[in-house]
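Colleague: I'm new to reading structures, and I'd love a close look at just one part of this one. Please choose a residue, start with what it touches, and then work outwards to its surroundings.

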Amino acid sequence: MERLLNAIRTDARVTESYTGQAEISAQVMDALCRVPREEFVPDEASHLAYQNHPLPIGHGQTISQPFIVALMTDLLEVRPEHRILEIGTGSGYQAAVLAELEAEIYSIEIIPDLAATATTLLDRLEYTNVHLTVGDGWHGWAEEAPFNGIIVTAVAEDIPPRLVEQLSSGGRLVLPLDQPSGGQVLVVVEKQADGSTRRRDVLPVQFVPLTGDH
Ligand code: SAM
């Protein structure tokens, strides 16, 4: 774990010119320390669980790189009283890291098998503040809105309008977006009191695509 934390610290310093922050907050680093990543990767990859890399989790999907999980979590500025929506449960690792910050976590996964595996695991690890459902996260989770923060862990071409609608005033949406010029960029969208949004591009990234028929 210490090697992984050092790798995350190094990535934070190396990317400071993009992100504007040379470190990940202590709360988020502590949250990462409390989540056993080896539980969220396939058995054959468990020896790689504490390396700072994405890993395959089946169905052509991945568990994200720990530095990116840390950065996106930090950018959300989660507080214990928050309600957070995640699009793309995958292995459930990002949801567990968010749950360690004591907020109430709602997560949507489009592949039923992945959602079922994540539900079993998060129940076994007693994350009672994580609520999962199967569906197309492009539409958000209107019944549970509004959310103080929304994180999307697959890349979209555009900012999903329903997600902005489901953000509370002052809330933050953290997501990767395709760039018209090619490549992807991690973006933070802040919803203002008048309902308008302010966008900040943070870092070039690489994510699997957001799928679905939206
Ligand atoms: N957050 C995950 C974790 O911690 O393991 C990693 C997610 S993986 C990079 C992206 C996930 O988004 C995949 O599990 C994929 O099936 C899911 N996904 C793709 N499109 C989706 C959609 N429209 N709605 C919900 N989930 C979606």
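Modeller: Happy to! Contact means that heavy atoms lie within 4.5 Å. This is a predicted model, in which local features need pLDDT of at least 70 and side-chain atom pairs count only at pLDDT 80 or more, while totals for chains, interfaces and linings use all residues. Residues are numbered from 1 along each chain as its sequence is written, and side-chain values use heavy atoms, with hydrogens and water left out.

Let's begin at Asn129. Asn129 sits in the loop between helix H6 (112–124) and strand S5 (130–134); helices (H or I, at least four residues) and strands (E, at least two) are DSSP runs numbered from the N terminus. Leaving out residues up to four places away in sequence, Asn129 touches Ala99, Glu102, Ala103, Glu104 and Ile105. One of these neighbours, Ala99, also offers its backbone oxygen, which the side chain of Asn129 reaches at 3.0 Å. Why does Asn129 count as buried? Because its relative accessible area is 14%, and buried means under 20%, exposed over 50%, and partly exposed in between (1.4 Å probe, protein chains only).

The loop that holds Asn129 lies between H6 and S5, and Glu126 belongs to that loop too. Glu126 is a contrast in accessibility: at 64% it counts as exposed. Its phi is near 65°, a positive value in a residue other than glycine.

Now follow one of the contacts of Asn129, Ile105. Ile105 is part of strand S4 and is buried, because its relative accessibility is 0%. Setting aside neighbours within four places in sequence, Ile105 is in contact with Ile84, Ala95, Leu98, Ala99, Asn129, Val130 and His131. So Ala99 appears among the contacts of Asn129 and also among those of Ile105.

Strand S4 as a whole is worth a pause. Five of its six residues are buried, so S4 is largely enclosed by the rest of the structure. S4 pairs with strand S3 in the parallel sense, over five bridges; two strands pair if DSSP finds at least two bridges between them. Within this pairing, Glu86 stands opposite Ser107 of S4.

From S3 we can step back to the loop between helix H4 and S3, where His82 lies. His82 is buried, because its relative accessible area is 8%. Beyond its neighbours within four places in sequence, His82 is in contact with Glu77, Ala103, Glu104 and Asn148. Ala103 and Glu104 are names you have already met, since Asn129 touches them as well.

Glu77 shares the loop between H4 and S3. At 48% relative accessibility Glu77 counts as partly exposed, and its phi is near 50°, which is positive although the residue is not glycine. Glu77 follows helix H4. That helix spans residues 66–76, and 11 of its 11 residues are buried, so H4 is largely enclosed by the rest of the structure. Among the buried residues are Phe67, Ala70 and Leu75. To compare sequence with space, take Ile105 and Ala70: they are 35 residues apart in sequence and 16 Å apart in space, C-alpha to C-alpha.

Last, there is some empty space to find. The whole structure has one cavity of 30 Å³ or more; on a 1 Å grid, a cavity is a set of points where a 1.4 Å probe fits but cannot get out, and lining residues have an atom within 4 Å of a point. About 360 Å³ of space lies in the largest cavity. It is lined by 29 residues, and Gly88, Thr89, Gly90, Glu109 and Thr153 are the closest to its centre. Strand S2 (61–63), S3 (83–87), helix H5 (93–99) and S4 (104–109) each give two or more residues to this lining. S2 gives the most, with three residues. And S2 has a partner of its own: strand S1 (residues 55–58) pairs with S2 in the antiparallel sense over three bridges. Here Leu55 has Ile63 in S2 as its bridge partner.

Terms used: On a 1 Å grid over the protein atoms alone, a cavity is a set of points where a 1.4 Å probe fits but cannot get out, and a pocket is an open set with protein on both sides within 12 Å along at least five of seven lines; lining residues have an atom within 4 Å of a point. Grid points are joined across faces, edges and corners, and a volume is the space filled by probe spheres set on the points. A polar contact is a pair of N or O atoms within 3.5 Å; within protein, one must be able to donate a hydrogen and the other to accept it, and residues adjacent in sequence count only if both atoms are side-chain atoms.
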